[in-house]
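Could you walk me through this structure while I have it open in my viewer? I would like to know what to select at each stop and what I will find there.

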Amino acid sequence: MIRTIYTSFTKRLPFFSHARLYRVLALESSCDDSCIALLERTKPNETPTIIDHAKKTLHSADVGGIMPTAAYTYHMATIGNMCREFCLKNGVSATSPPDLICVTRGPGMAGSLSSSTEFAKGLSVAWGVPLIGVHHMLGHLLTSFLPQSQTSPQEQPPQFPFLSLLCSGGHTLLVLSKSVSEHEIIINVSDIAVGDSLDKCARELGMYGNMLGRELEMFINNIPQVEKDEFEALNVDTRISNKYNFRLNLPFQTPKNGKLNEGKLQFAFAQFLSNIQEYKKKFYVAESGSSEFDAKTKRMIAYKTQEYIFDHIIERINLSFKKHGIRNRQADGKFTGVKDFVCAGGVAANKRLREKLFTNLKFDEIGDDPLQFHFPDLALCTDNAIMIGLTGMEIFEKMHLKTDLSFTPLRKWPLNELTSVDSWVEVTEDEINRICKY
């Protein structure tokens, strides 16, 4: 039987009665969120306790999206006071510092990243503690390792090797992870990320907000069920097949791209925005005389566009199952041993995507056992410092690495090149034991 595992987190206050092993202060500012978190490992090889976390977000709806210079200025004006208040609240100081500092090194916007990386370097020097420069997408990937709510039974985290769909405003990847340090990108995106596509489509439909993908989801959720049923049955393969003259197709639907032995498997999402723009300009305005969609047409376009975007993701993943599964005679067996599937990143908060993945992925290409699904808590799908702290702990303990203070932010950093970048420094068992107090 297929099981869905919803991983969540709760804030847990420290108790003076337990024996603390080590604490980690984490910072994240790769885009428009200034984030800080304090984690504590109380037992070896167990998930850490989340002592506290905080987030402040730049309001960018009025300017039509995130502007790198505005985000940089926001972080520079925010991170210092935010960290000071956070540390005062949680008893962190020069006389009671954390044992490890973790900060997002990349990928992300260089200016945004630099605001927290330089601040983290200063804390590392002032407090005399090691620093870990963390890969942002590895943080998303490992969110399913975090503890569940205390009111729910503890579920096992994913076991290596496992697959992850990492879907956000900047990335859309299907990743095969064999360990904390070994990751193979199975499907990458050829143009824009799914989150960026959803945001742009929502803006083209006249929606407003700081997180337009979420606004689009809420708009669709409020469509009456009778209309959803009507839109679901609507044939949009050709313009003449429906009363709206609206056409929508999945990307790569050509004989060449449909063959598994030709070219790379890729995601592509740019065409969904251009499809709406072309429809408005060439068909809707010409027929209606209006430059704005009427209410029902807007609901139809929103519904069908989100469905097709998610159908494209599922269709690509199912093709990868056929190519790399273990039951298909023509498959190469790359997915042998995979039993867990993680969906993480900002778009993973979309409940419709979760439903469609759970319902429509063709697991038989993987093997006899069904996949176990791991969906992080909704609050941990978007950017946060909790995932950065957890990932830094894993890098320090499992990979025996820390980061030299000469490091610089990385705007681009492929996940399959995690350890090939500069400034990694090996740490000894003595240093690990000293920090972790094992």
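**Stop 1: a hairpin and its neighbour**

Start by selecting residues 172-177 and 183-189 in this predicted model. These are strands β8 and β9, and they pair in the antiparallel sense through four bridges. Five residues lie between the two strands, which together form a hairpin. To see how they line up, show Val 175 as sticks and look across to β9, where Ile 185 stands opposite.

Keep β9 selected and add residues 266-267, which are strand β10. Here the pairing is parallel, with two bridges joining β9 to β10. Val 189 is the residue to display on the β9 side, since it stands opposite Phe 267 of β10.

**Stop 2: the five-stranded sheet**

Next, colour strands β2 to β6. In what order do the five strands of the open sheet lie? The order is β4-β3-β2-β5-β6, and the pairing is mixed. At the edges you will find β4 (49-57) and β6 (131-135); each has a single partner strand, so one side of each has no neighbour in the sheet. Turn the view to look along the sheet and you can follow a twist that averages 20° from one strand to the next.

Now zoom in on the β4 edge. Strand β3 (residues 33-41) runs antiparallel to β4, and eight bridges join them. One place to check the register is Leu 39, whose bridge partner in β4 is Ile 50. While you are on β3's residues, click on Cys 35: with 1% relative accessibility, it counts as buried.

Then bring up residues 68-90, helix α1. This helix lies across β2 (22-28), β3 and β4, and it runs at about 150° to β4.

**Stop 3: the other edge, β6**

Move to β6 and switch on its side chains. Is this strand enclosed or open to the outside? Five of its five residues are buried, so β6 is largely enclosed by the rest of the structure. Both of its faces are covered: Leu 131, Gly 133 and His 135 are buried on one side, and Ile 132 and Val 134 on the other.

Select residues 100-106 as well, and you have strand β5, which pairs with β6 in the parallel sense over five bridges. In this pairing, Thr 104 has Val 134 of β6 as its bridge partner. To get from β5 to β6, trace the chain through helix α2 (residues 110-127); this β-α-β crossover is right-handed.

**Stop 4: the nonpolar cores**

Hide the ribbons for a moment and show the nonpolar side chains. In soluble globular proteins, nonpolar side chains tend to be buried together. The largest nonpolar core here has 62 residues, and Ile 317, Phe 341 and Leu 357 have the most contacts inside it. Helix α9 (residues 295-324) gives the most to this core, contributing twelve residues.

Centre the view on Leu 357. Which residues is Leu 357 in contact with, leaving aside neighbours within four places in sequence? They are Leu 165, Ile 314, Ile 317, Phe 341, Cys 343, Phe 363, Phe 373 and Phe 375.

There is also a second, separate core of 46 residues. Ile 50, Met 137, Leu 166 and Leu 401 are among its members, and you have met Ile 50 already as the bridge partner of Leu 39.

**Stop 5: around Phe 272**

Now select Phe 272, which sits in helix α8 (residues 270-288). Phe 272 has 1% relative accessibility and counts as buried. Beyond residues up to four places away in sequence, it touches Ser 197, Cys 201, Leu 248, Asn 249, Pro 251, Thr 305, Tyr 308, Ile 309 and His 312. Asn 249 is 23 residues from Phe 272 along the chain, and their C-alpha atoms are separated by 8.9 Å.

Step across to Ser 197 in helix α4 (residues 194-204). Ser 197 counts as buried at 0% relative accessibility. Setting aside neighbours within four places in sequence, its contacts are Ile 192, Phe 269, Phe 272 and Ile 309. Cys 201, another residue touched by Phe 272, counts as buried at 1% relative accessibility.

**Last stop: the whole chain**

Zoom out to finish. The protein chain has twelve helices and 14 strands, and 53% of its 438 residues count as buried. If you look for disulfides, the structure holds zero. Among contacts between residues at least 6 apart in sequence, 73% join residues at least 24 apart.

Note on methods:
Residues are numbered from 1 along each chain as its sequence is written. This is a predicted model: local features need pLDDT of at least 70, side-chain atom pairs count only at pLDDT 80 or more; totals for chains, interfaces and linings use all residues. Side-chain values use heavy atoms; hydrogens and water are left out. Two strands pair if DSSP finds at least two bridges between them. Axes are lines fitted to C-alpha atoms, for helices over the stretch in contact, and angles run from 0 to 180 degrees between N-to-C directions. Contact means heavy atoms within 4.5 Å. Buried means under 20% relative accessible area, exposed over 50%, partly exposed in between (1.4 Å probe, protein chains only). A crossover is right-handed if, with the strands pointing away from the viewer, the path from the first strand over the helix to the second runs clockwise. A disulfide is a pair of cysteine sulfur atoms within 2.5 Å. A nonpolar core is a set of buried Ala, Val, Leu, Ile, Met, Phe, Trp, Tyr and Cys residues joined through side-chain atoms within 4.5 Å.
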